Amino acid sequence: MSATIKFSLADSASRRDGTCATKTIRNEPFARQGEIGLSKCVAGGLFLILLLIGVTAQAAGHADWTESELTILRSLALSSLPPLPAAPSNRFADNPAAVELGRRLFFDRRLSSNGEVACASCHDPERDFQDGRSLAKGVGQANRRAMPLVGMAYSPWLFWDGRKDSQWAQALGPLENANEHNLSRGRCAKLILEHYKPEYSTVFGAPPDLSGVPENAGPLGDKRARRAWSGLDDTARDAVNRVFANAGKAIAAYERRIVWDESRFDAYVRSLGEQASARPENSLSTEEIAGLKLFIGKGHCVECHRGPMFTDLDFHNTGVPVRAGLPKDLGRLAGAERVVADEFNCLGRYSDARLEQCRELNFINKDNRRLLRAYKPPSLRNVAERPPYMHAGQFASLQAVIGHYNRAPAAPAGHSEIKPLHLKAAEIRQLKAFLKTLSGTIRSPAAAPSAFQSYPNVFDSHHKEPVGQ
Ligand code: HEC
Ligand code: HEC
């Protein structure tokens with residue numbers, strides 16, 4: 001499904017234990033190793049001196065990277081991330097008033113059937129915009145784990161199975177989902193106009209009159225709500241849909257600005273480009289560097305976790321086990337069908353895009369058995385900060401995740417793309433140590449001072465919960 005980055009494993013493996021070679025690299029960060037012959041090293045006391053220099057070099061965080069490895073390292077660094085992409089289906093995506101309205105909607109618990117659930121309940125800024133639970137909890141319990149939202153403006157598909165094709169269309173899902181905000185579409189549109197009429201008008205123009213719409217009317221609600229929805233005329237349904245879609249567009253304007261700052265890994269890669277690169281604060285430990293080597297080499301992790309986001313944003317079956325007690329989950333196979341049928345997709349009437357701007361949807365791959373139980377790889381940035389892992393929180397720790405890749409069990413359905421890695425315990429530790437270097441701070445549009453005085457407790461019930469519950 002995705003192109004594999006090719007690189008030479010043999011090169012680095014043959015050099016890994018050469019302390020002499022490490023010295024070469026210390027002086028010339030990009031030099032090819034092996035330029036110093038082993039015979040010279042073993043000559044007398046010189047060996048010991050070089051060994052000591054080698055140890056110093058390792059401690060300063062230098063490694064024997066080949067040119068092709070360096071190319072991969074640079075491709076993974078945050079500096080390779082292109083500027084924020086355009087969002088053609090959302091013409092309000094870069095409107096500052098929409099950003100502010102979206103931010104307020106994101107934190108507003110009134111937008112739920114019990115008055116307790118906001119987007120931020122499951123996407124808590126204090127927890128990398130996720131919730132630390134294995135299955136998310138809103139009005140009810142969700143069937144999947146909440147995803148971190150960072151950098152998702154770059155993602156052509158949203159959700160684990162990519163059943164939405166824009167951030168604004170995605171935001172509409174949880175509002176109507178019975179386990180999440182549990183609002184009927186009509187109620188949601190009415191609440192938005194009730195609480196945010198001036199702000200809404202500033203961004204989207206005069207709002208429609210929804211007074212004729214019953215309190216509880218929507219295409220996805222209970223029987224009564226669905227009956228009320230089909231009882232509305234086209235104009236009323238369109239008016240509700242328009243307000244609903246605009247709320248999604250405002251939320252997306254906020255959400256697309258949630259981005260990463262540099263991690264220790266990024267600082268390390270940056271320092272490799274500097275000639276006098278012995279800056280200890282930018283170095284990685286020997287163990288972390290060994291883990292990085294495994295990540296781009298023997299572990300094959302970079303085949304799917306690639307680019308500056310550490311994900312190819314495509315879909316893969318990696319044989320993750322089924323979690324008992326949940327409805328059957330077909331992954332991307334179902335997600336692809338659903339995004340094509342979605343009335344809020346790029347080609348729908350509420351999209352601002354022209355036909356030719358909906359490239360992803362026009363060229364979607366959907367009739368392919370390889371999509372069965374295929375999921376979007378999450379970014380690995382900040383991954384150590386947010387256990388548990390996988391689409392239904394199947395693994396409690398990074399140790400368990402790496403153990404899964406190491407064994408590569410058969411997929412519960414469909415065909416797993418991964419193969420056993422035969423990593424030793426020490427290598428698993430190294431890989432884990434490397435993943436921890438990917439943590440950094442996250443930036444999002446700041447709250448206006450005193451903006452949420454009436455809702456100070458948005459996160460309280462979630463902060464104190466133990467991770468993995
Ligand atoms: C009850 C908890 C809960 C609430 C409330 C909630 N979400 Fe989510 N969110 C989830 C879960 C679970 C997923 C993954 C669902 C899936 O793939 O089926 C998710 C996925 C997402 C994604 C996809 C990220 C990606 O990488 O594809 C985005 C974006 C998102 N939510 C934004 C929002 C917004 C905006 C709101 C408020 C309108 C919201 N969420 C409300 C639990 C929640
Ligand atoms: C064939 C593609 C592929 C390869 C190779 C791969 N991954 Fe993944 N990774 C995924 C997918 C897909 C998921 C999400 C799977 C799911 O939830 O069912 C994932 C999830 C993860 C997660 C959990 C992230 C989270 O937030 O839940 C971690 C950690 C991870 N991978 C690390 C690695 C490491 C380390 C390697 C190398 C040993 C690796 N991956 C190799 C595709 C891949």
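**Two ligands and a central set of helix contacts**

Of the 29 residues around ligand 1, those that come nearest are Cys119, Cys122, Gly138, Phe159 and Pro174, where a residue is near a molecule or strand if its C-beta atom, placed from the backbone, lies within 6 Å of it. The elements that each give two or more residues to this shell are α7 (119-122), α8 (167-176) and α11 (234-255); helices (H or I, at least four residues) and strands (E, at least two) are DSSP runs, numbered from the N terminus.

The model is predicted, so that local features need pLDDT of at least 70 and side-chain atom pairs count only at pLDDT 80 or more, while totals for chains, interfaces and linings use all residues. Residues are numbered from 1 along each chain as its sequence is written, and chains are lettered from A and ligands numbered from 1 in the order in which they are written.

**Exercise 1.** Find which element gives the most to the shell around ligand 1, and describe this shell by class.

*Solution.* Step one is to look for the main contributor, and this is α8, which gives 5 residues to the shell around ligand 1. Step two is to sort the shell by class, which yields 16 nonpolar, 7 polar and 6 charged residues. Here Ala, Val, Leu, Ile, Met, Phe, Trp, Tyr, Cys and Pro count as nonpolar, Asp, Glu, Lys and Arg as charged, and the others, Gly among them, as polar.

**Exercise 2.** Which residues come nearest to ligand 2, and which helix gives the most to its shell?

*Solution.* Begin with the 24 residues around ligand 2, of which Cys301, Cys304, Pro377, Tyr389 and His391 come nearest. Next, look for the main contributor, which is helix α16 (residues 398-407), with 4 residues in the shell around ligand 2. Finally, sort the shell around ligand 2 by class, and you obtain 16 nonpolar, 6 polar and 2 charged residues.

**Exercise 3.** How do α8 and α11 pack, and which residues make the contact?

*Solution.* First, take the angle and the distance: α8 and α11 pack at about 115°, with their axes 7 Å apart. Axes are lines fitted to C-alpha atoms, for helices over the stretch in contact, and angles run from 0 to 180 degrees between N-to-C directions. Second, name the arrangement: α8 and α11 are therefore roughly perpendicular to each other, since angles under 35 degrees count as roughly parallel, over 145 as roughly antiparallel, 65 to 115 as roughly perpendicular and the rest as oblique. Third, list the partners: Gln167, Trp168, Ala169, Ala171 and Leu172 of α8 make the contact with Phe244, Ala245, Gly248, Lys249, Ile251, Ala252 and Glu255 of α11, two residues being in contact if their C-beta atoms, placed from the backbone, lie within 7 Å. By class, the contact of α8 with α11 divides into 8 nonpolar, 2 polar and 2 charged residues.

**Exercise 4.** Describe how α6 and α9 are each placed against α11.

*Solution.* Start with helix α6 (residues 96-106), whose axis comes within 7 Å of that of α11 and crosses it at roughly 100°; α6 and α11 are therefore roughly perpendicular to each other. The residues of this contact of α6 with α11 comprise 11 nonpolar, 1 polar and 3 charged.

Then turn to helix α9 (residues 185-204), where the axes of α9 and α11 come within 9 Å and cross at roughly 65°. In α9, Arg185, Gly186, Cys188, Ala189, Ile192, Leu193, Val203 and Phe204 meet Val240, Val243, Phe244, Asn246, Ala247 and Ala250 in α11. This contact of α9 with α11 has 11 nonpolar, 2 polar and 1 charged residues.

**Exercise 5.** Is Val243 buried or exposed, and which residues does Val243 touch?

*Solution.* Place the residue first: Val243 is found in helix α11. Then count its neighbours: Val243 is buried because 23 other C-beta atoms lie within 10 Å, given that a residue is buried if 20 or more other C-beta atoms lie within 10 Å of its own, exposed if 12 or fewer, and partly exposed in between, with C-beta atoms placed from the backbone. Not counting residues up to four places away in sequence, Val243 touches Ala189, Ile192, Leu193, Pro207 and Pro208. Ala189 is 54 residues from Val243 along the chain, yet their C-alpha atoms are separated by 5.6 Å.

**Exercise 6.** Where does Pro388 lie, and why does Pro388 count as buried?

*Solution.* Pro388 lies in the loop between α15 (359-362) and α16. Pro388 counts as buried because it has 20 C-beta neighbours inside 10 Å.
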